[in-house]
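Hi,

Here is the structure I promised to pass on. Have a look at it first, then read my notes below.

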Amino acid sequence: MLAQWTTLTGSAGKGKELVKETNDLAIAAQNSTEMVNDLNQKFYAVTNSSSKTRDLSKAVLTLQDAFGQSDDAVKNFAYAVVANDW
């Protein structure tokens with residue numbers, strides 16, 4: 001995961017920061033790290049901002065919890081949002 005984030009951000013330091021944020025979000029939301037990492041990468045790809053990525057991912061994970069949606073449903077939602085260039 002660190003290698004992916006280092007490549008996406010272009011910085012080992014930012015990569016480590018986003019790995020930590022991914023792990024922290026996964027624990028807080030009781031989701032798999034893989035799922036949260038996928039969500040974060042989708043949002044980071046369009047925002048290029050760790051803070052916006054964190055906020056968007058946290059909001060989507062909160063909605064997932066509130067509506068009882070599956071991880072696959074959340075991944076599809078994130079893909080649709082990103083694909084439509086919101």
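Confidence varies along this chain: among its elements, helix α2 (residues 12-29) has the highest mean pLDDT, 95, and helix α5 (residues 71-83) the lowest, 88. Keep in mind that this is a predicted model, so those scores come from the predictor, which uses pLDDT to give its confidence in each residue from 0 to 100. For the protein chain as a whole the average pLDDT is 92, and 98% of the residues score at least 70.

**The whole chain**

What is the chain built from? There are five helices and zero strands, and from the N terminus on the order is simply α-α-α-α-α. If you put a box around the C-alpha atoms along the principal axes, you get roughly 35 × 30 × 20 Å.

Why can we call the fold compact? A compact globule with 86 residues would have a radius of gyration near 12 Å, and the protein chain has 12 Å, so the two agree.

Contacts tell you something about how the chain comes back to itself. Take the contacts between residues at least 6 apart in sequence: 52% of them join residues at least 24 apart. As for the inside, buried residues make up 35% of the 86 residues. On the outside, the accessible surface comes to about 5100 Å², and carbon and sulfur atoms account for 52% of that. The chain also carries 8 positive and 10 negative charges, and the mean positions of the two groups are 7 Å apart.

**Two buried residues**

Start with N40, which you will find in helix α3 (residues 33-47). Is N40 buried or exposed? Its relative accessibility is 2%, so N40 counts as buried. Which residues does N40 contact, once neighbours within four places in sequence are left aside? They are W5, T22, L25, T53 and S57.

Then try L18, in helix α2. L18 has a relative accessible area of 2% as well, and is therefore buried. Not counting residues up to four places away in sequence, L18 touches W5, T9, Y44 and S50. You can also check the pair L18 and Y44 by distance: they sit 26 residues apart in sequence, and their C-alpha atoms are 9.7 Å apart in space. W5 is worth clicking on too, as it turns up in the contacts of N40 and again in those of L18.

**Two loop residues with positive phi**

Next, look at the backbone of Q30 and N48. Q30 is in the loop between α2 and α3. Its phi is near 55°, a positive value in a residue other than glycine. N48 lies in the loop between α3 and α4 (50-67), and it too has a positive phi, about 55°, although it is not a glycine.

Are these two buried or exposed? At 74% relative accessibility, Q30 counts as exposed. N48 is exposed as well, because its relative accessible area is 58%.

**Two partly exposed residues**

L2 belongs to helix α1 (residues 2-9). With 37% relative accessibility, L2 counts as partly exposed. If you ignore residues up to four places away in sequence, L2 touches A12, G15, K16 and V19. You can use L2 to get a feel for distances across the model. From L2 to F67 there are 65 residues along the chain, and the C-alpha atoms are separated by 31 Å. From L2 to Q30 there are 28 residues in sequence and 21 Å in space, C-alpha to C-alpha.

F77 is found in helix α5, the element with the lowest mean pLDDT. F77 has a relative accessible area of 42%, so it is partly exposed. Its C-alpha atom is separated by 16 Å from that of R54, and the two residues are 23 apart along the chain.

**Where to begin**

If you want a quick tour, colour the model by confidence and find helix α2 and helix α5, the two ends of the mean pLDDT range among the elements. After that, show N40 with its contacts W5, T22, L25, T53 and S57, and then compare the exposed Q30 in its loop.

Have fun with it!

Definitions and conventions
Residues are numbered from 1 along each chain as its sequence is written. This is a predicted model: local features need pLDDT of at least 70, side-chain atom pairs count only at pLDDT 80 or more; totals for chains, interfaces and linings use all residues. Side-chain values use heavy atoms; hydrogens and water are left out. Helices (H or I, at least four residues) and strands (E, at least two) are DSSP runs, numbered from the N terminus. The radius of gyration is taken over C-alpha atoms; the globule rule is 2.2 Å times the number of residues to the power 0.38. Buried means under 20% relative accessible area, exposed over 50%, partly exposed in between (1.4 Å probe, protein chains only). Contact means heavy atoms within 4.5 Å. Accessible areas come from the Shrake-Rupley method with a 1.4 Å probe; for residues, only the protein chains shown count as cover. Lys and Arg count as positive and Asp and Glu as negative; His and the chain ends are not counted. The place of a charge is taken as NZ of Lys, CZ of Arg, CG of Asp or CD of Glu.
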